[in-house]
Amino acid sequence: MSSPTAAAPPEAELAATAAEERVSVASNWTLVWWRFRKHRLALFCTLLLIGFYLVVLVPDFFATQDPEATDAKQAFIPAQPLHLFNAGQLGLWAPAVAGKRNAITLRMEWQVDETRRIPVGVFVQGEPYKLLGLIETDRHLLGPASGDAKDRLYLLGTDRLGRDQWSRLMFGTRTSMTIGMIAVAFSIVLGVILGGISGYFGGLPDLIIQRLVELLQSLPTIPIWLALTAALPQDWRPEQVFFAITLILSLLGWTTLAREVRGRFLALREEDFVLAAELAGCSRMRIITRHMVPTFMSHIIATSTLAIPVMIINETSLSFLGLGLRPPAISWGVLLQEAQNIQTVALAPWLLVPGLVVIVAVLAFNLVGDGLRDAADPYTH
Amino acid sequence: MSAPVLLEVKHLRKYFPIRRGLLQRVAGNVRAVDDVSFTIAAGETLGLVGESGCGKTTVSRCILRAYTPTSGELNFHTKEGRTVDLARLSRAELRPLRPQMQMIFQDPYGSLNPRMTLFDIVGEPLLVNGLRDRQARTDQVAELLRLVGLRPEYMQRFPHAFSGGQRQRIGIARALALNPRLVVADEPVSALDVSVQAQILNLLLELQKRLSLTYLFVAHNLGVVKHICDRVAVMYVGQLVELGETQALFQAPRHPYTAALLAAVPVPDPAVRSGDVELKGDVPSPANPPSGCYFHPRCPFAAEVCRTEAPVNREVAPGRFVSCHRADELQLPGVVQ
């Protein structure tokens, strides 16, 4: 610190230690991060979500096989659990499975054979694919490393068509998590624009938008989804359906966010620092982008994080009911739809694993959202 | 009153419509400011006092055109020597004039954007008015901070690192950034600790001397007003009831409401009896004011004429304006100097 000015009264003589100075110059985002960091569970869930999104980025790399490849002779193989230690040493392996046809029911009955071990390698060669759609490669995170083509690895077993459940789960994760993200992104755009107009300008636009929000919120969601998705042409490609479902979800989901944004704008419009900016001669655009939006940005992010799991659940429910994505598209809902019958529940319980993944993902989002919301406004505490 | 007039407020009115029902029909008006006229001379400090809700803040915000007046004139003499009616200017026409009138806010917490550093807060008026060079802006901000008694080293800090008094200094630095002629101070010390109030008031007086500023000083604390103002205007329910030189007004108020306000000032002497004029009842609603003189339901001297006829604002002595039917006959107690 240089010498204090002569005019400075004692009140301005703030003895700032290094730690205090760090707080003094900390921006809002730094303060948010400091508070969020204290929330251990939210921090753990953030790591979990980062893992999920890695899968979203490169599902082929995490998959062990082609998710579409069917093999009628390999149906309903139970999960081959991955083991970390082999004979006291670090080494991945999975037990082999052996099939025997039941003479009475003529059904293949699979037994996990703990005695025969299939070594599992990392970064093994397998199905060729394009990493991120750009780089040609055939490396996968996990795969059988015995070199014997007959050794197959089904980490989560297979379904009724002999498709590898683990690989399908990876691709389903991509679809479901992406739908959640994109639908919320659309909702944010709609919500911020419409809520912003409503809150900043008030008057007639506000009246119209608020009545529209009330109308949309008073509609029962499930029948509306049913009607809208049923209206989609049957012959659309999976990508088109995917896009349409995303759009439907966000068209019905922006209302809460719009309300939130409107409320923020209404409150901020009356703030003295906004008037000060106005008096300083700032343009409207500058007031909105520099003074108003940054003030509630952290809230928007927290709210959106809480909105993503809702979207994921919505998509999963729709697909589960057979109205959302349909095979050959793979999503968590589609995977669960396969597990819709008593045969699955009784004989192939591993097909219910996607349900568990949905629960984990939704919980993680909610916990992160809670943590963010608590950390979002460091000035209120 | 030899100094040239800086701002002339003529018959200023600001009504806020009360809207009801689904179609938002106007059901009535809150007459926040109802026919207020006064002038501010260059270099002086005009105090604007009154109880909460009497319209003082509305007057100040109309002058700065944060609100658009319902009617009336705001004749401002610009640096360039022109006289413009601020009340009629559009948003775009106002922008070049903004630097000449600035505001100091009451709440030192709400008036600084918590997401911006001191440099951004104080430097923003400079930036939006054309000073794009960052280094030049840094120098100016440092100069302004020194001017208000803050260290330039604090420039990268956020407002949350400062106390109320320091924040008010930041607000003053921001108001002075554009070298204004008129500064509207809306209760600049009422949110501060008593110990800090004097520091800020003295800073304002010192800055006025150095930069030849003109203040419109809105306050409800008469002690503060006496300390800082050359002239005082007293408002009651959106109207001006008395206007005069501070000394004269405090010694011999001509309006019963002014006398009542003065009597309400606590005197730190147990031997002194509080004045005879005591305020009873509540301030009437500006949406539904009483008939005649707005003050008559609470006035101890109200006569029949006060109930039926609204008094006109007249000059009872040079530079002394009063709105009271009985101003000439009443002998009202003031504050003994």
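The following paragraphs describe a predicted model of chains A and B, moving from the sheets of each chain to the contact between them.

Chain A contains an open sheet of four strands, arranged in the order β1-β2-β3-β4 with antiparallel pairing. Its edges are formed by β1 (83-86) and β4 (135-144) of chain A, each of which pairs on one side only. From one strand to the next, the twist averages 50°. Strands of a sheet pair through backbone hydrogen bonds, in either a parallel or an antiparallel sense.

The pairings within this sheet can be followed strand by strand. At one edge, β1(A) is joined by three bridges to strand β2 (residues 89-101) of chain A, and the two run antiparallel. Here A:N86 stands opposite A:Q89 in β2(A). The hairpin made by β1(A) and β2(A) has two residues between the strands, and in it A:A87 adopts a positive phi near 50°. Towards the other edge, strand β3 (residues 108-131) of chain A pairs with β4(A) in the antiparallel sense, over eight bridges. Within this pairing, A:K130 has A:E136 in β4(A) as its bridge partner.

Chain B likewise holds an open sheet of four strands, here in the order β2-β1-β4-β5, and its pairing is antiparallel. The edge strands are β2 (25-41) and β5 (83-85) of chain B, each pairing on one side only. On average, and with direction ignored, neighbouring strands of this sheet are turned by 25° against each other. Strand β1 (residues 5-20) and strand β4 (residues 71-77) of chain B pair in the antiparallel sense over five bridges, and B:E8 stands opposite B:N75 in β4(B). Helix α1 (residues 56-63) of chain B packs on the sheet, where it touches β1, β2 and β4 of chain B. The direction of this helix makes about 115° with that of β1(B).

Helix α1 of chain B also takes part in a link between distant parts of the chain. The side chains of B:K56 and B:E187 meet in a salt bridge, with 3.7 Å from N to O. B:K56 lies in helix α1, whereas B:E187 lies in the loop between β7 (182-186) and α6 of chain B, and the two are 131 residues apart. Side chains of opposite charge can pair when their charged atoms come close. Over all chains, the count comes to 26 salt bridges.

The description now turns to the interface. The contact takes 43 residues from chain B and 41 residues from chain A. About 3,800 Å² is buried between the two chains, and carbon and sulfur atoms give 52% of that area. Three arginines, B:R91, B:R115 and B:R151, supply 20% of the area that chain B buries against chain A, more than any other three residues.

Four salt bridges are found across the interface of chain B and chain A. In one of these, B:R91 pairs with A:E278, and the closest N and O atoms are 2.5 Å apart. Polar contact between the chains amounts to twelve residue pairs, with both residues at pLDDT 80 or more. On the side of chain B that touches chain A, β6 (101-104), α3 (118-128), α5 (164-176) and α6 (194-211) of chain B each supply at least two residues. Of the elements of chain B, α3(B) gives the most to this side, with five residues. The residues on the side of chain B that touches chain A divide into 17 nonpolar, twelve polar and 14 charged.

Terms used. Residues are numbered from 1 along each chain as its sequence is written. Chains are lettered from A and ligands numbered from 1 in the order in which they are written. This is a predicted model: local features need pLDDT of at least 70, side-chain atom pairs count only at pLDDT 80 or more; totals for chains, interfaces and linings use all residues. Side-chain values use heavy atoms; hydrogens and water are left out. Contact means heavy atoms within 4.5 Å. Buried area is the accessible area (1.4 Å probe) that two parts lose on being put together, summed over both. A polar contact is a pair of N or O atoms within 3.5 Å; within protein, one must be able to donate a hydrogen and the other to accept it, and residues adjacent in sequence count only if both atoms are side-chain atoms. Ala, Val, Leu, Ile, Met, Phe, Trp, Tyr, Cys and Pro count as nonpolar, Asp, Glu, Lys and Arg as charged, and the others, Gly among them, as polar. Two strands pair if DSSP finds at least two bridges between them. Axes are lines fitted to C-alpha atoms, for helices over the stretch in contact, and angles run from 0 to 180 degrees between N-to-C directions.
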